[in-house]
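User: I'm new to reading protein models. Could you walk me through this one and explain the words as we go?

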Amino acid sequence: MITWPGQPFPLGATYDGNGTNFSIFSEAAERIELCLFDDQDRETVLPLPEITAFIHHGYLPGVQPGQRYGYRVHGPWAPERGLVCNPDKLLIDPYAKAVDGDVRWNDAVTAHDRGGSGSDLRPSLLDSAPFVPKSVVSSPYFDWGDDRHPRTAWHQTVLYETHVRGMTMRHPDVAPELRGTYSGLASEPVIEHLRKLGVTAVELMPVHQFIHDERLAGLGMRNYWGYNSIAYLAPHHAYASYGSRGQQVHEFKQMVKTLHAAGIEVILDVVYNHTGEGNEQGPVLSLKGIDNPAYYRLDPRNPRWYVDYTGTGNSLNMRHPHVLQLIMDSLRYWVLDMHVDGFRFDLAATLARELHDVDRLSSFFDLIQQDPVISQVKLIAEPWDVGEGGYQVGNFPPLWSEWNGRYRDEVRDFWRGADNTVAEFAYRFTGSSDLYQANGRTPSASINFVTAHDGFTLRDLVTYNHKHNDANGEDNRDGTDDNRSWNCGVEGETNDPVIAARRRRQRRNLLVTLLLSQGVPMLLGGDELGRTQRGNNNAYNQDNELSWFDWSDVDEDFLEFTRRLTRLRRHHPVFRRRRWFQGRPIMGSGREDIVWLTPRGIPMTEDDWRVGFARSIAVYLNGRAIPARGPRGEEVVDNSFFVVFNASDDDLQVRLPGPSFGQRWVKVLDTYPDDVEHALPREERVTLQLLRHGAPLPVRDRSVVLFRSVEDLR
């Protein structure tokens, strides 16, 4: 085969209709060989003929989409300097847009000899090609038709965190051949479920090509969650229903197009803080063998070892320009070529580490801020990592929203009856202004969640006090012990009707709090169905029925309750304000925009906020004091609402606010009844008895009651 010089850019394998240009960066390499594989895995080795600014490149006429390939890097073997170039190892292209195959664990996949003490200083002479995935040339052509980004405003967004495989593996109305795939997620039954649920965006757990850890493979397990990326431009091949020679790219695009047609955005959970190559004992699959010191944070005192802020063995070197370029190129590719709508950055604090400390003005955030593509999409940080000073909730730049870990913890604490929680609960319910207001951010900076993939499901949160992770094979040592859960009296499932009713009520309380809070609510996929993981709070390796959604055992009442709550939020802008509450009269309404009250209907005093044993609180939300205008400059006016939160074990006698707050009220929500028709009456059923201020009304133990003002909104 004749290899032309080709071009250094774009990086990766680029098909132009006649052939393919191959381009890869490595400052460490002396030369790089391109290896092509046919259907019988026979290898053809071709040296890349040109080097431009450490970018090795060449063009091959006639190479078509579907061609499998890899690289062999010739260069120094000097582990004491962090250099582990080894041409016996076939490497995945960091810019591969498709990958075929999985790692078959064998001694050949490590760069060094595994022969005993000090063996990491000796190179392995075993050929890894038969045991590692191959990069695939993909076609850039796809008919997007009239696809458009939904561009749902942040304050109107309802997120739904889910898993491509787990959501559909047991869905009876999804064709068997599509279950667990991109096509399955885009199938009509799933789309219809999401639309009825009222979510505006799916936040997909990692879909970048990832690997299954050697330890898990030895236990007969798989990395179900996927936080083990190995190729940042490639959709994971195992989620494709009809082939992995590049077809997964087309199938992913079709999924996005179908979700967009239903008005649903696609947000990707991305893992740019580390890769699946682990530490010095881990495999060499891509970046490690291409240019280890450039791509990874190495210990400056002994570059044989890796700096690990992620708990996975390595951390990407965010100080190197080519690492930043890889991440930015990946992000732009997923927006421009794959049409996704945003990203949730796993362990985002790691991305902000310049030297050691987390720096909110690091190079990475500077690049995001000025990028004309990435700065325009939804950006969500998981604002922590495992390094010193890694908990950074509230400290990300203004463009960013954050998973609000304090919301999760403090809402859980309030509803399980912990002391000194009322003031913190009030901050979280109103958007966490104490965390986000000072630097010019809005309530949408707070991604509110009570449950997420990492931890208990909502059902398990009210069923277990302790983790039950024995199935993970780590003697129940893995997973957090800080669950802030309450089993309502008995550990695990029970037939006791009193405890069962209390658990159902607690689930409703938590969900009502989430969907009526200011900020952006995020539902954990499956919570609306009543999904359980039987007390496992770290099901990262449970690619089985423990994690998959069980569509045959759906809590229909709770599902309908969730749907009605999202409708209530959608119809009433007072629950999704774009600006902070001020606690004073707004826009000439004559009444404060928000008033916190005791259950007796009296405004809270400083002494009331300091009562450590308080378990109940009420709030008045003024629908006539919404300062932000609508998209056409129109005034936004809503009903006013009065909400009572009772997390105590005692019933309350509540008094509705006096004449200055409104003359007549109607009860529209009560979490105490088990019957969903009575718990959340339909908005159109205003046949309920109108309630006047001052009348004592019962609020049962551990419940939420919501009243709506009845007034002319014209």
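User: How do you know the angle at which helix H7 and helix H9 pack?

Analyst: Happy to explain! In this predicted model, helix H7 (residues 321-336) and helix H9 (residues 363-370) pack at about 35 degrees, with axes 11 Å apart. Axes are lines fitted to C-alpha atoms, for helices over the stretch in contact, and angles run from 0 to 180 degrees between N-to-C directions. Helices here are DSSP runs of H or I with at least four residues, strands are runs of E with at least two, and both are numbered from the N terminus.

User: Which residues make the contact?

Analyst: H7 brings Leu-324, Ile-327, Met-328 and Leu-331, while H9 offers Ser-363, Phe-364, Leu-367 and Ile-368. Contact means heavy atoms within 4.5 Å.

User: Why is Thr-532 called partly exposed?

Analyst: Buried means under 20% relative accessible area, exposed over 50%, and partly exposed in between (1.4 Å probe, protein chains only). Thr-532 has 21% relative accessibility, so partly exposed is the right label. You'll find Thr-532 in the loop between strand S21 (520-524) and helix H15 (556-571). Beyond its neighbours within four places in sequence, Thr-532 touches Thr-457, Arg-459, Asp-460, Glu-493 and Leu-546.

User: What makes strand S1 and strand S5 edge strands?

Analyst: S1 (12-15) and S5 (50-52) each pair on one side only. They belong to an open sheet of four strands, ordered S1-S2-S6-S5, with antiparallel pairing.

User: How do you know that S5 pairs with strand S6?

Analyst: Two strands pair if DSSP finds at least two bridges between them. S5 and S6 (residues 55-61) share three bridges in the antiparallel sense, so they pass that test. One example is Ile-51, whose bridge partner in S6 is His-56.

User: What joins strand S25 to S28?

Analyst: Four bridges do, and S25 (residues 652-655) runs antiparallel to S28. Arg-655 stands opposite Pro-696 in S28. On S28 (residues 696-699), Leu-697 and Val-699 form a covered face, and Pro-696 and Pro-698 an uncovered one.

User: Where does pLDDT stay under 50?

Analyst: That happens over residues 683-688. pLDDT is the predictor's confidence in each residue, from 0 to 100. Where it is low, the predicted coordinates should not be read in detail. The protein as a whole averages 93, and 95% of the residues score at least 70.

User: What ground rules apply to these values?

Analyst: Residues are numbered from 1 along each chain as its sequence is written, and side-chain values use heavy atoms, leaving out hydrogens and water. Local features need pLDDT of at least 70, and side-chain atom pairs count only at pLDDT 80 or more, whereas totals for chains, interfaces and linings use all residues.
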